[in-house]
Amino acid sequence: MHMRNQRGVAFPSPVVILSIVAIAMAGVTYVATRGEAPTEREVTAVSQPSGNETPEAQRTVEPPEVKKKKPQVQRGEVYVEVYNNSGITGLAGQVAGTAAQVGWQVVGSDNWYGTIPSSTVYYPPRLQQAATILARDLGIDRTEAATGPMKRDRLTVILTADAA
């Protein structure tokens, strides 16, 4: 019996080669562009001169000033959790029902263990305006930035005996 000795180089498929090239190019692009601040350009429209105007008579057209409005809070798009820290049975469920009736998206209610000075709506930074509105809807005077184990994608209401 005759044994064949086959030696050679196996070339990878074109798909593998293209994938490696694409990854290498992405890496080079990332390294080349990191740390650069985005460029901002001010664009102004200039009116075209008519035949009888001198260059001094040309005017730059300024866009009208646009006042940025704060985005309006859509109650149904904000998650709310309600916790009872009062010792009053059913208080969180009752207040959660009230919040849901006025349009908030209540995603849970439970008991809170810890010391809270008074009923409070806790918020992550992006939901501060929503926290103020929720507090007003529920008759709560205190809002604070979320801390500790509170989730950062929703408002957290913690009720004390003053909410009863």
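# Briefing: cores, salt bridges and surface of a predicted model

Aspartate 137 has a relative accessible area of 25%, which makes it partly exposed. That value, like the rest below, comes from a predicted model. The protein chain has three helices and seven strands, and 25% of its 164 residues count as buried. The points below cover the fold, the nonpolar cores, helix α3, the aromatic pair, the salt bridges and the surface.

**Overall fold**

- Along the sequence, helices and strands of the protein chain come in the pattern α-β-β-β-α-β-β-α-β-β.
- Of the contacts in the protein chain between residues at least 6 apart in sequence, 70% join residues that are at least 24 apart.
- The exposed area of the protein chain is about 12,900 Å². Carbon and sulfur atoms account for 54% of that area.

**Nonpolar cores**

- In soluble globular proteins, nonpolar side chains tend to be buried together.
- The largest nonpolar core has 23 residues. The members that touch the most other members are Val82, Trp104, Val121, Leu134, Leu155 and Val157.
- Two or more residues of this core come from each of β3, α2 (91-101), β5, α3 (128-138) and β7 (155-159). Helix α3 gives the most, with six residues.
- Apart from its neighbours within four places in sequence, leucine 134 is in contact with Val80, Ala99, Trp104, Val121, Leu155 and Val157.
- There is also a second, separate core of seven residues, which includes Tyr83, Trp112, Ile116 and Met150.

**Helix α3 and the residue after it**

- The buried residues of α3 are Ala130, Ala131, Ile133, Leu134, Ala135 and Leu138.
- These buried residues of α3 pack against β3, α2, β5, β6 (142-145) and β7.
- Glycine 139 comes just after α3 and takes a positive phi of about 75°. Glycine 139 sits in the loop between α3 and β6.
- Glycine 139 counts as exposed, at 59% relative accessibility.
- Glycine 139 and alanine 163 are 24 residues apart along the chain, and their C-alpha atoms are separated by 8.1 Å.

**The aromatic pair**

- The count of aromatic pairs comes to one. The ring centres of tyrosine 83 and tryptophan 112 are 5.2 Å apart and the ring planes stand at 70°, so the pair is edge-to-face.
- Tyrosine 83 lies in strand β3 (residues 79-84), and tryptophan 112 lies in the loop between β4 (105-111) and β5 (120-123). The pair therefore ties together parts that are 29 residues apart in sequence.
- Both rings belong to buried residues: tyrosine 83 has a relative accessible area of 16%, and tryptophan 112 has one of 18%.
- Tyr83 and Trp112 are also among the members of the second core.

**Salt bridges**

- Side chains of opposite charge can pair when their charged atoms come close.
- The structure holds five salt bridges.
- One of them joins aspartate 137 and arginine 75, with the closest N and O atoms 2.8 Å apart. This pair links distant parts of the chain, 62 residues apart: aspartate 137 is in helix α3, while arginine 75 is in the loop between β2 (60-61) and β3.
- Arginine 75 is partly exposed, with a relative accessible area of 28%.
- Glutamate 144 pairs with arginine 142, and here the closest N and O atoms are 3.8 Å apart. Glutamate 144 is partly exposed at 33% relative accessibility, and arginine 142 is partly exposed with a relative accessible area of 24%.
- Arginine 154 pairs with aspartate 153, with 2.8 Å between the closest N and O atoms. Arginine 154 is buried, with a relative accessible area of 12%, whereas aspartate 153 is partly exposed at 32% relative accessibility.
- Asp153 and Arg154 also belong to a network of salt bridges that links them with Glu81 and Lys151.

**Nonpolar surface patch**

- Ile17, Val21 and Met25 form a nonpolar patch on the surface. Together these residues have about 280 Å² of accessible area.
- Methionine 25 is part of helix α1 (residues 14-33). Methionine 25 has a relative accessible area of 54% and is therefore exposed, since exposed residues are those over 50%.

Methods: Residues are numbered from 1 along each chain as its sequence is written. This is a predicted model: local features need pLDDT of at least 70, side-chain atom pairs count only at pLDDT 80 or more; totals for chains, interfaces and linings use all residues. Side-chain values use heavy atoms; hydrogens and water are left out. Patches are made of residues with over 30% relative accessible area and no salt bridge: like charges are joined within 9 Å, nonpolar side chains (Val, Leu, Ile, Met, Phe, Trp, Tyr) within 5 Å. Accessible areas come from the Shrake-Rupley method with a 1.4 Å probe; for residues, only the protein chains shown count as cover. A salt bridge is a side-chain nitrogen of Lys or Arg within 4 Å of a carboxyl oxygen of Asp or Glu. Helices (H or I, at least four residues) and strands (E, at least two) are DSSP runs, numbered from the N terminus. Buried means under 20% relative accessible area, exposed over 50%, partly exposed in between (1.4 Å probe, protein chains only). Rings of Phe, Tyr and Trp (its six-membered ring) pair if their centres lie within 6.5 Å; planes under 30 degrees apart count as stacked, over 60 as edge-to-face and the rest as tilted. A nonpolar core is a set of buried Ala, Val, Leu, Ile, Met, Phe, Trp, Tyr and Cys residues joined through side-chain atoms within 4.5 Å. Contact means heavy atoms within 4.5 Å.
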